[in-house]
Amino acid sequence: MSATPLGGVQLPMLEVAGLTRRFGGLVAVDDVSLRVAEGEIVGLLGPNGSGKTTVLNLISGALRPDAGVIRLGGTPIHGLPSFRIARLGVARTFQLVRVLASMTCRENVLAGIAFGAHAQWGAGARRAADTLLGRVGLGERPAALPRPLRRGLAAGMGELDAELDLGHPGPRPFDDGF
Ligand SMILES: Nc1ncnc2c1ncn2[C@@H]1O[C@H](COP(=O)(O)OP(=O)(O)OP(=O)(O)O)[C@@H](O)[C@H]1O
Ligand SMILES: [Mg+2]
């Protein structure tokens, strides 16, 4: 989504301030603040267990913060359910890519298209799915089940996670990109 100029000041696309999340007595995320401008790439670095994934879970709405604010284009999104945050343009990818094994490659992509920021259904969604499958080298086998293609599909689906929100320049939190 686009950052909105306010009184001549460009807002960051994503702004996190004072973010805190506890699991029982463990403070997994302790007063984290960050800003991401449109088009900027920001990495979270830290040792195992330092709270990186928890920050992404908080931004994408999988978890709710105990304290702090998360704003997207100036609008608070903390506390919203993850499907609403996704529709606002936050397309999250995961450390481990999992496919729906009983569904075809095309159906796997259709599931993402149906629930993304620009939800589509029917023939238009199928065309969009086939275009995306072609982009990651899976265009020849849209009706194949993912299992025999597991590696290729996993790699392709990982790329598609971020593509399912085509034309929507919002944040793309992804976990363990390296
Ligand atoms: N759902 C949960 N319930 C309880 N504790 C959790 C939960 N999720 C994470 N934690 C704990 O919070 C801390 C931060 O975990 P997190 O997974 O965010 O770290 P990370 O920086 O992503 O680690 P890694 O580099 O291993 O991926 C860890 O101590 C972890 O055990
Ligand atoms: Mg992690």
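A polar contact is a pair of N or O atoms within 3.5 Å; inside the protein, one atom has to be able to donate a hydrogen and the other to accept it, and sequence neighbours count only through two side-chain atoms. The model in these views is predicted, so local features need pLDDT of at least 70 and side-chain atom pairs pLDDT 80 or more, while totals for chains, interfaces and linings use all residues. Residues are numbered from 1 along each chain as written, chains are lettered from A and ligands numbered from 1 in written order, and side-chain values use heavy atoms, without hydrogens or water.

**The whole chain, to get your bearings.** Start with the parts list: the chain has five helices and six strands (DSSP runs, H or I over at least four residues for helices and E over at least two for strands, numbered from the N terminus). Walking along from the N terminus, you meet them in the order β-β-β-β-α-β-β-α-α-α-α. Of the 178 residues, 35% count as buried (under 20% relative accessible area; exposed is over 50%, partly exposed in between, with a 1.4 Å probe and protein chains only).

**Who surrounds ligand 1?** The shell consists of F23, L26, A28, P47, N48, G49, S50, G51, K52, T53 and T54 (each with a heavy atom within 4 Å of the ligand). Strand β4, residues 26-36, and helix α1, residues 52-60, each bring at least two of these residues. Helix α1 gives the largest share, three residues. Sorted by class, the shell holds four nonpolar, six polar and one charged residues (nonpolar: Ala, Val, Leu, Ile, Met, Phe, Trp, Tyr, Cys, Pro; charged: Asp, Glu, Lys, Arg; polar: the others, Gly among them).

**Polar contacts to the oxygen atoms of ligand 1.** Look at G49 to begin with: one of its backbone N or O atoms sits 2.8 Å from a ligand oxygen. S50 also uses a backbone N or O atom, at 3.2 Å from an oxygen of ligand 1. K52 joins in through its side chain instead, with an N or O atom 2.7 Å from a ligand oxygen. On its own, ligand 1 has 640 Å² of accessible area, and the protein covers 59% of that (Shrake-Rupley method, 1.4 Å probe).

**Helix α4 and its buried face.** This helix runs over residues 122-135, which makes 14 residues, and spans 20 Å from first C-alpha to last, close to the expected 20 Å (1.5 Å times one less than the number of residues). Which residues of α4 are buried? They are A125, A128, A129, L132 and L133. Down the helix axis, these buried residues fall within an arc of 135°, so they line one face of α4 (the arc is taken from the directions from the axis to the C-beta atoms). Just past the end of α4, G137 has a positive phi of about 80°.

**D31, a residue with a positive phi.** You'll find D31 in strand β4. Its phi is near 60°, and D31 is not a glycine. Most residues other than glycine have a negative phi. Is D31 buried or exposed? At 54% relative accessibility, D31 counts as exposed.

**V90 meets S60.** V90 belongs to the loop between α2, residues 82-87, and α3, residues 105-115, while S60 is part of helix α1. The two are 30 residues apart along the chain, yet their C-alpha atoms are separated by 6.7 Å. V90 is buried at 5% relative accessible area, and S60 is buried at 9%. A polar atom in the S60 side chain lies 2.9 Å from the backbone oxygen of L56.

**D66 and V27.** Here the loop between α1 and β5, residues 67-72, holds D66. With 42% relative accessible area, D66 is partly exposed. Between D66 and V27 there are 10.0 Å, C-alpha to C-alpha, and a sequence separation of 39 residues.
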